[in-house]
Structure formats: structure tokens, C-alpha cells
Number of protein chains: 2
Amino acid sequence: MKAAIIGGGVIGGGWAARFLLNGWDVAVFDPDLEAARKITAVLDNARHALPQLYDSALPSEGTLSYCDDLPRAVAGADWIQESVPERLDLKRRIHGDISAHAPADAVIGSSTSGFTPTELRATGARVIVAHPFNPVYLLPLVELVGTNDTRAASILRSIGMYPLTVRTEIAAHIADRLLEAVWRESLWLVKDGIATTAEIDEAIRMGFGLRWAQMGLFETYRIAGGEAGMKHFMAQFGPALAWPWTKLTDVPEFNDALVDMIADQSDAQSGHMSIRALERLRDDNLIGILRALKSTGTGAGAVVAEHEGKLSAHSRP
Amino acid sequence: MKAAIIGGGVIGGGWAARFLLNGWDVAVFDPDLEAARKITAVLDNARHALPQLYDSALPSEGTLSYCDDLPRAVAGADWIQESVPERLDLKRRIHGDISAHAPADAVIGSSTSGFTPTELRATGARVIVAHPFNPVYLLPLVELVGTNDTRAASILRSIGMYPLTVRTEIAAHIADRLLEAVWRESLWLVKDGIATTAEIDEAIRMGFGLRWAQMGLFETYRIAGGEAGMKHFMAQFGPALAWPWTKLTDVPEFNDALVDMIADQSDAQSGHMSIRALERLRDDNLIGILRALKSTGTGAGAVVAEHEGKLSAHSRP
């Protein structure tokens with residue numbers, strides 16, 4: 001099987017690693033002269049982390065190649081994944097090229113976090129949205145939008161991912177709607193001097209972040225409701241939540257002052273660590289968390305366990 | 001040391017378990033005839049889970065007692081924690097009683113998730129906000145509002161918790177501001193038929209929830225920015241995020257239809273499991289996640305490691 005990666009960088013590189021380490025050949029097209037270096041860095045992380053996730057061996061790596069033009073990259077590809085910067089005009093142009101040169105039966109996915117398939121298809125391209133999460137080689141979630149093609153979902157499952165079919169086109173799909181809500185509220189808290197970036201991160205990772213990693217939002221609240229369940233929870237907290245909601249309805253101005261404030265606080269928080277060191281720490285923690293969830297078969301751990309089962313089946317002589 | 005727990009239930013019971021299992025005597029006051037049964041259920045979970053978190057033994061449990069009146073419960077208490085329902089009039093009345101009968105040097109905390117210390121002190125009570133997260137016996141985070149008393153923070157650290165001092169009084173403090181943002185957006189997604197409660201939970205736990213458990217929001221984005229760091233991330237995604245923000249500014253009507261819709265979807269999602277079974281699964285996963293983070297000294301794992309060090313020091317002959 002061959003995957004074409006259009007646009008390197010952190011996300012494209014993560015896709016390349018996910019496919020390569022699951023035995024696919026990968027052809028990369030990215031005019032950026034730095035693309036090979038960036039993708040190699042992501043691959044190094046992935047080769048360090050992904051094998052630790054499974055008690056069965058991954059298949060032998062496929063072949064990685066870099067192409068000078070898009071048509072050669074997509075030739076003979078089973079999956080083509082576009083991960084270029086989040087600019088609609090750029091994505092539309094590139095998907096015009098991809099659809100013009102892609103094999104008729106290739107799945108064409110876009111990593112867009114915000115645009116809908118309809119927006120991307122303006123030029124008649126047959127792209128679907130396959131929105132992954134960083135690091136793509138470790139996090140299972142892929143939001144699939146604009147397709148009922150079961151093949152796309154089954155290919156993603158075959159490389160250890162979790163396709164979540166988004167039934168309705170909506171800006172930012174599902175996960176990023178939630179992230180944007182938190183992002184906006186967090187910008188307010190920082191801008192108003194209520195909390196620093198470090199304090200907000202502690203408020204998340206010392207508390208509800210530990211619940212969300214395994215059960216998400218509603219399941220956690222179902223438990224909070226106790227024996228009386230979800231209705232009890234909502235009867236109890238719905239009214240209390242209603243009031244602060246109304247304070248969340250303004251939008252902070254996204255200006256240089258705010259960007260500087262957040263960048264400076266982030267530097268103070270973890271400027272002493274290189275991004276590479278932070279990536280390694282993140283990945284080591286993801287391995288530990290995912291292995292813990294695997295042992296109980298919960299959420300992402302169930303996906304890891306299922307893929308591990310397939311790996312061991314394939315590795316049998 | 002003695003803790004007085006005013007108001008049983010899931011949160012009060014969690015506080016009781018956190019203190020008891022760290023060697024404190026605990027006196028409970030709750031007129032609810034079911035209080036003892038509810039607290040016993042929480043204690044069973046805590047006794048199953050908390051010892052697994054540390055490689056050193058916890059101190060021998062303190063003595064648990066139930067009191068028929070509030071004055072007897074708070075008599076001689078070093079820490080008094082109020083966890084009654086989220087109604088301002090009720091909390092004000094009870095804090096009037098507590099302050100009237102509490103030892104002069106007792107720390108008086110309220111578990112309120114939404115009210116500010118100033119609101120609670122209307123009757124002259126000397127309460128501070130000490131807002132914990134469920135399950136209180138496992139999650140380290142406690143938001144401290146309205147105090148510079150280092151004693152409160154050091155007592156919380158001595159029972160394995162992480163006090164986060166909130167410097168400015170604000171409705172819903174810090175963590176619940178973020179939770180409310182997600183909660184509101186999630187209600188929209190369900191109400192509009194975009195996603196079910198199960199799909200939203202998958203969107204969280206298969207993706208960013210696994211990142212937030214260890215690093216939170218800003219640290220994760222710092223990494224996403226790559227070598228160029230936080231400013232690069234914000235330059236890249238700020239504009240893309242700006243537009244969907246404007247779709248997050250309406251407030252869904254909190255009515256029976258919405259409550260029924262969510263309760264029904266939650267039942268379909270996990271009605272096959274009892275709340276007790278869900279609690280045990282949650283706690284087993286929290287133990288696994290926290291132990292994984294302990295091994296890298298990250299976030300809540302660092303708090304666990306630090307407490308473990310104190311426990312082993314105390315247990316030395």
C-alpha cells in the first residue's frame with residue numbers, strides 16, 4: 001500500500017510516520033527545502049515511541065521517498081493526505097491538482113482543522129476531511145467528514161487509528177469546537193490577568209484532564225451525578241452553570257499584545273526545555289497513559305488493544 | 001489532626017476519604033439519613049484505589065464519626081470543609097453556623113464550584129474556597145480562593161493534594177470556567193444534532209484528552225508550534241480560530257427537552273454499566289494514568305511522587 005503525503009511539517013510528518021511504521025510506502029511532496037529534515041525529526045520520535053505501545057512487533061517499515069512534483073507523489077497512491085497550511089485558497093488549489101492526478105480509487109483526505117469538505121471541493125475536487133491530532137503517530141482520533149466510504153474508515157483502523165465519522169459538516173468539526181471554546185476562555189483568563197498559562201495548564205492536568213483522557217465529558221458527569229445519573233447531575237449543576245455561561249459570550253481581541261503576553265508566559269513556563277525534549281516527554285507520557293488504558297480496555301486503550309491483536313495475528317508464521 | 005466534613009455526598013465523602021486515608025480523624029455532619037451509606041460507598045472506592053497509587057504505605061486510617069449537630073462536628077477541628085448543594089442561601093446560613101462554632105485557628109473551606117469567597121462571607125463568615133475535583137481522593141487539584149494562608153496550602157499538600165491559588169475572585173474560579181465553555185459548546189453540538197454525547201466523549205478521549213492529562217492546553221500548543229514556539233502557533237492558528245469563535249457566543253436554552261436528550265443519549269452510551277462499575281473503572285484508569293505520570297514526574301505524577309516520598313520518610317522507624 002502507498003500513501004502520498006502532500007505537505008510535510010508536524011502533521012504531514014506525523015501521517016508519514018503513522019503509515020510508514022505500519023508497513024506502508026510513503027511518498028512526500030513538499031516544496032519546503034526543510035521538509036526532509038522536519039519529517040525526519042518526527043520519524044525519530046515515532047520510531048522511539050510507537051513500538052513501545054504494542055506487545056506485538058509492528059510490520060517492517062515501508063519505503064519513504066521525496067518527490068519533486070505532486071503528480072509523481074500521488075501516482076499509484078491508495079491514500080493521499082493533504083496537510084498544507086490552513087488557507088482555503090491554497091488548499092483549494094492543491095486539491096485541484098491532487099484530484100487531477102490521483103488514481104480514481106484513491107482516498108483523498110485533508111488534515112484541515114477548520115474547513116468543511118464543501119468548502120474544499122469548490123473546484124470540483126473529491127476530497128474528504130480526515131482531521132488528525134498531534135502527535136498523529138500516537139493519538140488514534142481522526143475526524144472523518146463528508147464521506148460514507150467505509151474503506152476510508154477501515155484503512156485508518158488498519159493503521160491503528162480511530163475514525164470518528166462527523167455526520168454533519170460544521171466549521172472546526174467536533175473536537176476543535178471544544179478546543180476553541182476552551183482556547184477562547186483561556187485567552188480571557190490570561191488577558192484579564194486572572195491566571196497565567198502555567199496556572200491554566202495546572203488547572204487542567206491536575207484535575208479534569210485526568211478524567212477526560214479516559215472518559216471524556218458526559219461520561220464523567222454521568223458518574224458525578226451518582227446513582228441518580230445524568231438527569232440528577234444536570235438538575236444539580238445546570239442552573240449553576242447557566243449564569244457563568246453568559247460571561248463567556250464575548251470574544252477577546254486577538255492582537256499582538258495578547259500574543260506577546262501568552263508567548264512570554266509560555267516561555268517562562270517551559271522555555272528551559274527544548275521542543276524536542278517536550279515532544280519526548282509528551283510521547284513517553286502518552287505511551288504510559290495508553291498502556292494503562294489498554295490494560296482496562298478503555299477508550300484509546302481499546303483501540304491500542306485491538307490493533308495489537310491484528311499485529312500479533314499478522315506476525316504469526 | 002481532625003477534619004470536619006459538613007455535607008456528605010460524593011464530594012464530602014471524597015474529602016472524608018482523602019483525610020481519613022492520610023491518617024486524619026474525620027467527623028461528618030449531614031442531616032441526610034443516607035449520608036453514612038453514601039460516604040461508605042465513596043470510602044470503599046478510595047480504599048480500593050488510593051493505596052495502589054503509592055509504593056509506600058499510607059498511614060493507618062484515622063477515626064470516622066458521624067455527628068448529630070454541626071457544633072459537635074467542628075469542635076476541635078483543624079480543617080472544616082463544607083460541601084453542601086450549590087445554593088448560595090444555604091451555604092451562607094451554614095457558614096454562619098460554622099464560623100460561630102469553629103475553633104479560632106481552624107481552616108474553613110467551601111467546595112463551591114461557582115461562588116466566590118466574598119459571596120459566601122456576606123454573613124461575616126471567615127470561609128475560603130477550597131474547590132476540589134471528583135474523585136477527591138485521587139485527583140490532586142484544589143482551587144484555593146480568598147486566602148494567603150500558607151497553612152491551608154501546606155495542609156492540602158500533606159494529604160497529597162495540589163493547591164492552586166486563584167489570585168482573583170471570579171465566578172467558577174479557573175477550571176470550571178474552562179469546563180463550562182466546553183459544556184456549553186457540547187450542549188450546542190448535541191442540541192443541534194451534530195454529535196451525540198458518546199461521539200463527543202470519543203472526540204475528547206481519543207485525542208486531546210490524552211494530551212491534557214499530562215500537559216494541559218498551552219504547553220500542548222507550545223509543542224504544536226514546533227521549534228518556532230508559541231508565537232508561531234498563534235500566528236498560524238489564531239486567525240483560523242478567530243472565525244469559529246464567533247459561533248460560540250450564543251447560549252443554549254437549558255430546558256427539559258435538552259436535559260432529556262442528553263440523559264437519554266448518556267443512558268444509551270453507558271446505561272449498561274452501574275455507576276459503581278463506572279467509578280471503579282474510572283479509578284483504575286486514574287491509578288494507571290497517575291502511575292504512568294509518576295514515572296516521568298509530570299504534572300499530577302510529580303505530586304504523587306512527592307507525597308510518596310513523604311510517606312516513605314514517615315514510615316521509617
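Between them, domain 1 of chain A and domain 2 of chain A bury about 2200 Å², of which 56% lies on carbon and sulfur atoms; buried area here is the accessible area, found with a 1.4 Å probe, that two parts lose on being put together, summed over both. This is a predicted model, in which local features need pLDDT of at least 70 and side-chain atom pairs count only at pLDDT 80 or more, while totals for chains, interfaces and linings use all residues. Residues are numbered from 1 along each chain as its sequence is written, chains are lettered from A and ligands numbered from 1 in the order in which they are written, and side-chain values use heavy atoms, with hydrogens and water left out.

The domain bounds, which come from an automatic or database domain assignment, and the share of each domain in the contact (heavy atoms within 4.5 Å) are as follows.

| Domain of chain A | Residue range | Residues in the contact |
|---|---|---|
| domain 1 | 2-166 | 31 residues |
| domain 2 | 175-315 | 22 residues |

The centres of domain 1 of chain A and domain 2 of chain A, taken over C-alpha atoms, are separated by 25 Å. On the side of domain 1 of chain A, the residues that lose the most area to domain 2 of chain A are A:N45, A:L53 and A:Y54, together 24% of what that side buries.

Across this interface of domain 1 and domain 2 of chain A the rule finds 2 salt bridges, a salt bridge being a side-chain nitrogen of Lys or Arg within 4 Å of a carboxyl oxygen of Asp or Glu. A:D55 forms a salt bridge with A:R291, and their closest N and O atoms are 2.8 Å apart.
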